[in-house]
Amino acid sequence: MPKISTNSLHGPALPDDTTVHLVLDLALKIGEVQMSSGAGAADVTATILSVTESYGLPHTEVDVIYTSISVSCHRGTEALPITSIRVVRQRGLDYTRLADVEHLVRNLGPIEEAHARLEDITNAKHPYPRWVATAAWGGMAAAVAFLVGGGLVLALTAAAITAVVDRVGRLLNRRNLPFFFQQLVGGALGTGAALAIYSTGLLPVRPSLLVAVGIVVLLSGLALVSTVQDAISGYNVTAAGRTVETVLLSAGLIAGVALAIRAAVHFGLDIRLSDPLPALISAVPMQFAAGAATSAFFALACYARPRALVAAAISGAIGTAAYGLVTSFGLDALLGSAVAAAITGFGGATMTRRLRIPTLVVVQAGVVPLLPGWTTYRGLFQLTAEGDPAGLSTLVFASGIALALAGGVVFGEYLAQPVRTGLGRLERKFAGPRMSGPLKPTKRRLE
């Protein structure tokens with residue numbers, strides 16, 4: 001066998017092994033923060049590749065699935081590749097942490113300094129006390145109550161019930177209860193409290209409004225946008241994992257609500273469902289204010305910074321106004337949700353890049369006021385209290401609205417790509433819009 005000359009061997013010139021390991025570890029930790037915050041797989045992949053290229057690793061392969069991230073650095077034909085893997089064990093919405101990581105990637109320095117800064121970010125406490133998040137969830141519920149046409153009494157009642165549900169969920173989370181059961185307890189507790197208050201005559205409005213508000217709050221934390229983004233971008237394994245989790249958590253919520261309704265029927269409570277609720281209130285000033293407040297309180301509950309809160313409020317106002325406008329022209333709830341979400345995604349994408357705010361924060365908050373809480377409750381009531389099989393069709397319709405919202409947001413991001421300035425090569429390279437991670441992380445190769 002002829003001897004191969006070393007001159008014929010080709011491969012990238014890389015730093016030493018220690019530096020390669022440090023770079024891969026840094027990139028994996030950054031990707032883990034993004035995944036745990038709900039970022040899409042395409043965004044995580046692009047960010048990791050930008051970090052490794054910045055530190056002189058030109059040929060790196062990244063594999064992202066829902067529960068782990070793998071990175072392999074090719075070192076030519078002489079040296080073996082170096083591969084690292086990191087498991088994503090915890091998930092939680094902390095938009096300040098996500099924004100800090102993006103700022104770190106935009107301003108990468110020496111590798112040891114970058115590791116120290118990332119360690120400070122991941123170990124830092126939430127920017128607000130936990131009671132602020134609880135109050136924000138309550139404020140979000142009150143805003144949704146105004147959005148669906150309720151008055152001050154309904155808003156205060158919804159806020160109080162939501163705050164109790166959040167504290168109970170916090171307690172269950174400390175006991176490591178699976179999220180499925182946390183959703184079940186939240187749905188049962190919120191619905192049961194609403195029906196119990198109504199049965200005493202203290203609540204002057206129908207309980208369906210109060211239950212619908214609770215469903216919107218519990219649905220708001222699901223990663224619908226990232227799930228559709230992964231599916232469209234071709235990351236099917238990650239999309240399947242997110243879909244299973246979303247379906248499971250939604251099933252827990254549905255089971256809790258249905259359990260409370262069945263208990264109310266069993267004890268003979270009069271909880272008859274009245275005529276269908278209008279999708280949104282008709283008063284335009286209140287619609288703007290309630291939509292803005294809903295999105296802003298959601299962002300605050302997810303620990304977003306003040307500048308992000310303002311952007312989220314603008315996004316929520318635009319989304320609810322757009323929905324009210326398109327439905328006034330005769331579009332149904334499904335198509336109207338898609339159009340409103342597309343407008344929200346477009347506006348969020350063009351606004352947040354200049355403000356250096358993760359797009360995911362704004363668009364996720366912007367579609368929260370449009371979540372199908374009332375439709376979900378109506379379907380469950382038809383199935384459990386009335387025994388009407390048509391309730392299944394209503395639930396399918398509610399799922400269609402949720403998918404229309406997520407798909408509309410992603411489509412709006414696509415439409416915004418030609419408008420935004422400074423599109424980087426990585427964004428053009430990957431199929432799908434970027435909702436997390438800077439487009440141009442660094443302007444120079446780091447040594």
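Biologist: Where does T162 sit?
Modeller: T162 belongs to helix α6, which covers residues 152-174. Helices here are DSSP runs of H or I with at least four residues, strands are runs of E with at least two, and both are numbered from the N terminus.

Biologist: And is T162 buried or exposed?
Modeller: T162 is buried, with a relative accessibility of 8%. Buried is under 20% relative accessible area, exposed is over 50%, and partly exposed is in between, using a 1.4 Å probe and protein chains only.

Biologist: What is T162 in contact with, apart from its sequence neighbours?
Modeller: Once neighbours within four places in sequence are set aside, T162 is in contact with W137, G138, A141 and V217. A contact is heavy atoms within 4.5 Å.

Biologist: What sort of model is this, before I go on?
Modeller: It's a predicted model, where local features need pLDDT of at least 70 and side-chain atom pairs need 80 or more, while totals for chains, interfaces and linings use all residues. Residues are numbered from 1 along each chain as its sequence is written, and side-chain values use heavy atoms, leaving out hydrogens and water.

Biologist: OK, the overall picture: how many helices and strands?
Modeller: The chain has 17 helices and three strands. Of its 447 residues, 53% are buried.

Biologist: And how many of the contacts join residues at least 24 apart?
Modeller: That's 73%, counted among contacts between residues at least 6 apart in sequence.

Biologist: Let's do the strands. What is their order in the sheet?
Modeller: The order is β1-β2-β3, in an open sheet with antiparallel pairing. β1 and β3 (82-87) are the edge strands, each pairing on one side only. From one strand to the next, the twist averages 10°. To count as paired, two strands need at least two DSSP bridges between them.

Biologist: How many bridges are there between β1 and β2?
Modeller: Six, with β1 and β2 (residues 68-73) running antiparallel. T60 has C73 as its bridge partner in β2, and I65 has S68. The two strands make a hairpin, with two residues between them.

Biologist: Which face of β1 is covered?
Modeller: In β1, residues 60-65, the covered face carries T60, V62 and V64. The uncovered face has E61, D63 and I65.

Biologist: What lies across β1 and β2?
Modeller: Helix α2 does, and α2 runs at about 155° to β1. For angles like that, axes are lines fitted to C-alpha atoms (for helices, over the stretch in contact), and values run from 0 to 180 degrees between N-to-C directions.

Biologist: Where do α1 and α2 stand to each other? What's the angle?
Modeller: The axes of α1 (residues 17-36) and α2 come within 9 Å and cross at roughly 155°. That makes α1 roughly antiparallel to α2; the label applies over 145 degrees, with under 35 roughly parallel, 65 to 115 roughly perpendicular, and the rest oblique.

Biologist: Which residues make that contact?
Modeller: On α1, V23, L24, L26, A27, I30, G31, Q34 and M35. On α2, D43, V44, T47, I48, V51 and T52.

Biologist: New topic: what about α10 and α15, how far apart are their axes?
Modeller: The axes are 10 Å apart, and the helices pack at about 50°. α10 and α15 are therefore oblique to each other. The contact uses I254, V257, A258, I261 and R262 from α10, and Y377, L380, F381 and T384 from α15.

Biologist: Which helix holds W374?
Modeller: W374 is in α15, which covers residues 373-384. W374 is buried, at 12% relative accessible area. Its C-alpha is 8.0 Å from that of V211, although these two residues are 163 residues apart along the chain.

Biologist: Last helix, α9. Why is it described as largely enclosed?
Modeller: Because eight of the 10 residues of α9 (residues 224-233) are buried, the rest of the structure largely encloses it. Those buried residues are L224, V225, S226, T227, V228, Q229, D230 and S233.

Biologist: What do they pack against?
Modeller: The buried residues of α9 pack against four helices named α2 (41-54), α10 (236-266), α14 (359-366) and α16 (390-416).

Biologist: And what follows α9?
Modeller: G234 does, and the phi of G234 is positive, near 95°.
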